[in-house]
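This report introduces one protein model to a reader who has not met it before. The sequence and the structure are shown first, and the description follows.

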Amino acid sequence: MMSDDAGQMLMVYDDPSDQRSLSLDDTSSTEESPDETRLSLESTNDVVPYIGQRFPTHDAAYEYYSEFAKSCGFSIRRHRTEGKDGVGKGLTRRYFVCHRAGNTPIKASNENKPQRNRKSSRCGCQAYMRISKVTELGAPEWRVTGFANNHNHELLEPNQVRFLPAYRTISETDKSRILMFAKTGISVQQMMRLMELEKCVEPGYLPFTEKDVRNLLQSIRKLDPEDESVDLLRMCRNIKEKDPNFRYEYTLDSNNRLENIAWSYASSIQAYEIFGDAVVFDTTHRLTALDMPLGIWVGVNNYGVPCFFGCTLLREENLRSFSWALKLVFIIFAVRMGSLNGHGAFDSYNCNCTQMYMHRHARAFLAFMDGKAPQTILTDQNMCLKEAIAMEMPVTKHALCIWMIVVKFPSWFNAVLGERYNEWKAEFYRLYNLESIEDFEMGWRDMVNSFGLHTNRHIANLFALRMQWALPYLRSNFFAGMTTTGHSKAINAFIQRFLGAQTRLAHFVEQVAVAVDFKDQAAEQQTMQQNLQNICLKTGAPMESHAASVLTPFAFSKLQEQLVLAAHYASFPFEDGFLVRHHTKLEGGRKVYWAPQEGIISCSCHQFEFSGILCRHTLRVLSTGNCFQIPERYLPLRWRKISTHSVKLLQSSPSDHAERIQFLQSMVSSLIAESVKSKERLDLATEQVSYLLSRIRQQPVSTQGLRDISPLHRNL
């Protein structure tokens, strides 16, 4: 007979939050006779659990139901147990439920303990299996006495269900490999790629995720967060004493514990002043030493080389933390300009109250908003970060980094598309690089139909966010070329260098400094190699030689591509401008508007707004209009052959007039020294200086300039 026929039952919930969230009463139970039951192990054809199914142990029943759940697209957990009240009476009934059963209770807030901003997956699903203990002829067994498989949520596809926590495991062998990799200092992403190669599995097909690896590393590291924070602040102060131009800031919580910290180096601050018009804020990584989100600011210099702007460590990925980090970029860079007080001094560690700190920062941010916010910012998809950018940078264009999207494609689409994955990926890149919004949306519909992705949620999400990542929607904004595949890979590799420095938190700031110095030296070598290369003129047009003398080799190569293409286009007067199209086409084209007197030209393709490089359409119109030099305003300062120091002088105030004159004299001396090294150099210098001198003589003379020049001549 059934062991729970009589006596008072004692109920124990594996999760107390389930106590009132499920309606699993006894009305759904069914009593069976032994003749109507079969032991599940004897019948491998019966996949679906059924009333009366028998198991030797409750663990065997759990494993069976778990395998069934996995095949259906969900996972299970133990809900509650029941037994006779009294010592030694034992269990008589168990409930297993869908992982989305129950509802998460509202937790009492604790000001001293940070709350995790995590949405619960529970939705009150009523799917379950109940088993009861039966003793017959002295041999106990467990029978299914209740079963329901009706879910109030979507079930996952086979390629998605494996990511549920219940089915993710790290074997002891894999744990040993992960610990070995961690000692070498490589990032978690690199660990995952190596193990995928070792196991010969497709990206995203390991039985665990990056989050699981981070959790494992965090559980093994026996670090005291408070000691680590104290060491980190001490390290920052030591660096500050050695280098006064090193900047750092931090916040403390109500218990005087480190909450957030950010820092930047002298060369990084100087680089931001010039190349901070388009930035990437990468927050997709974590510092494994304390499992803290790590934010890295990077950009691209005038030679197309990634440059580092700053780092930030945040305790939580919430609106308040991201808002602080965004404000801090301006605070740190404002210090460089002396915006906080008369002499630019900044006491970083006398603040013991977060509220006072934030109030002080808000004033500095408002004082420095004029001209220092980037034109564009690229980030990963994060709702809190999106809200923070809209709040702190209202005039900045926010877009999503394409490589942060593409890196997820293997886990999203590899199993879904199978052999057609590479074909689909090529089509995606084609659509991504289109110029026309109409062509993109039409092509996207065709792609969805061709690959049968109508119900794929990732495709639906990508299309919903298209205005934040697809180039046809972004071409009116300046991105310094950071949306191209080549630049994306270079910037991502640049960021990976810092992630290799994940040892003790206190050493991380120094190790990042070493990585930045190494990258600065590599960038200087790359710059020298570009400058030493002989520029090959391909069109013979005066505009080409003019651009070659002004732009860096990197920027000139981009403009030269457009100049070569311009020869294949025809221009026709159209309304108040020109219509430019390829010579083989009879319809379509781009509209170009040109005002020669004002020196203004624009094109409907928005190439210049997007990259800072004139397009083939505008170059064709300029050439047809007998324009032999590119207007000055279309040779942006950020793409010119000019050093960081010289750009700073050009951007300085009139009070620095004498310093600029001294710098000009230094440039003239360098010009002579470089020109005399060959006849070709001397001829080029003579030609360009003669033209420059004639233009300078056309400019008006100010009395201020004469007063500044006189004392300089007396010192010569």
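## Strand β12 and its neighbours

Strand β12 (residues 376-379) is covered on both faces: Thr376 and Leu378 on one side, and Ile377 and Thr379 on the other, are all buried. Buried means under 20% relative accessible area, exposed over 50%, and partly exposed in between, with a 1.4 Å probe and protein chains only. Helices (H or I, at least four residues) and strands (E, at least two) are DSSP runs, numbered from the N terminus.

The model is a predicted one, in which local features need pLDDT of at least 70 and side-chain atom pairs count only at pLDDT 80 or more, while totals for chains, interfaces and linings use all residues. Residues are numbered from 1 along each chain as its sequence is written, and side-chain values use heavy atoms, with hydrogens and water left out.

Two strands pair if DSSP finds at least two bridges between them. Strand β9 (residues 278-287) runs parallel to β12 and is joined to it by three bridges; here alanine 278 stands opposite threonine 376. Strand β13 (residues 397-400) also runs parallel to β12, with four bridges between them, and leucine 400 in β13 is the bridge partner of threonine 379.

## The antiparallel sheet and helix α21

Four strands form an open sheet in the order β14-β15-β16-β17, with antiparallel pairing. β14 and β17 (600-603) stand at the edges with a single partner strand each, so one side of each has no neighbour in the sheet. On average, neighbouring strands of this sheet are turned by 25° against each other, direction ignored. Six bridges join β14 to β15, and phenylalanine 572 has leucine 579 in β15 as its bridge partner. Helix α21 packs on this sheet, touching β14, β15, β16 (590-595) and β17, and its direction makes about 70° with that of β14. Contact means heavy atoms within 4.5 Å.

Helix α21 (residues 616-624) also meets helix α19 (residues 553-566): their axes come within 8 Å and cross at roughly 60°. Axes are lines fitted to C-alpha atoms, for helices over the stretch in contact, and angles run from 0 to 180 degrees between N-to-C directions. The crossing is right-handed, a term used where the near helix is turned clockwise from the far one by less than a right angle. Leu559, Gln562, Leu563, Leu565 and Ala566 in α19 meet Arg616, Leu619 and Arg620 in α21. By class, this contact has five nonpolar, one polar and two charged residues. In this classification Ala, Val, Leu, Ile, Met, Phe, Trp, Tyr, Cys and Pro count as nonpolar, Asp, Glu, Lys and Arg as charged, and the others, Gly among them, as polar.

## Nonpolar cores and helix α12

A nonpolar core is a set of buried Ala, Val, Leu, Ile, Met, Phe, Trp, Tyr and Cys residues joined through side-chain atoms within 4.5 Å. The largest one has 93 residues, and those with the most contacts inside it are Phe409, Trp424, Trp444 and Trp469. Helix α19 gives the most to this core, with six residues. A second, separate core of 21 residues includes Tyr272, Ala325, Leu385 and Met393.

Leaving aside residues up to four places away in sequence, tryptophan 424 touches Phe409, Phe413, Leu417, Met447, Phe451, Leu453 and Ile459. In helix α12 (residues 409-417), the buried residues are Phe409, Pro410, Trp412, Phe413, Asn414 and Leu417. What covers them includes α2 (158-161), α11 (402-406), α13 (421-432), α14 (437-451) and α15 (457-464). Glycine 418 follows α12 and has a positive phi near 60°.

## Loop residues

The table sets out three residues found in loops.

| Residue | Loop | Relative accessibility |
|---|---|---|
| Cysteine 200 | between α4 (188-199) and α5 (210-220) | 71%, exposed |
| Glutamate 575 | between β14 (569-574) and β15 (577-582) | 67%, exposed |
| Arginine 475 | between α15 and α16 (485-499) | 11%, buried |

Cysteine 200 has a positive phi of about 55° although it is not a glycine. Glutamate 575, likewise a residue other than glycine, has a positive phi near 50°.

What does arginine 475 touch, not counting residues up to four places away in sequence? Its contacts are Asn433, Leu434, Glu435, Cys605, His606, Glu609 and Phe610. Arginine 475 and serine 436 are 39 residues apart in sequence and 9.7 Å apart in space, C-alpha to C-alpha.
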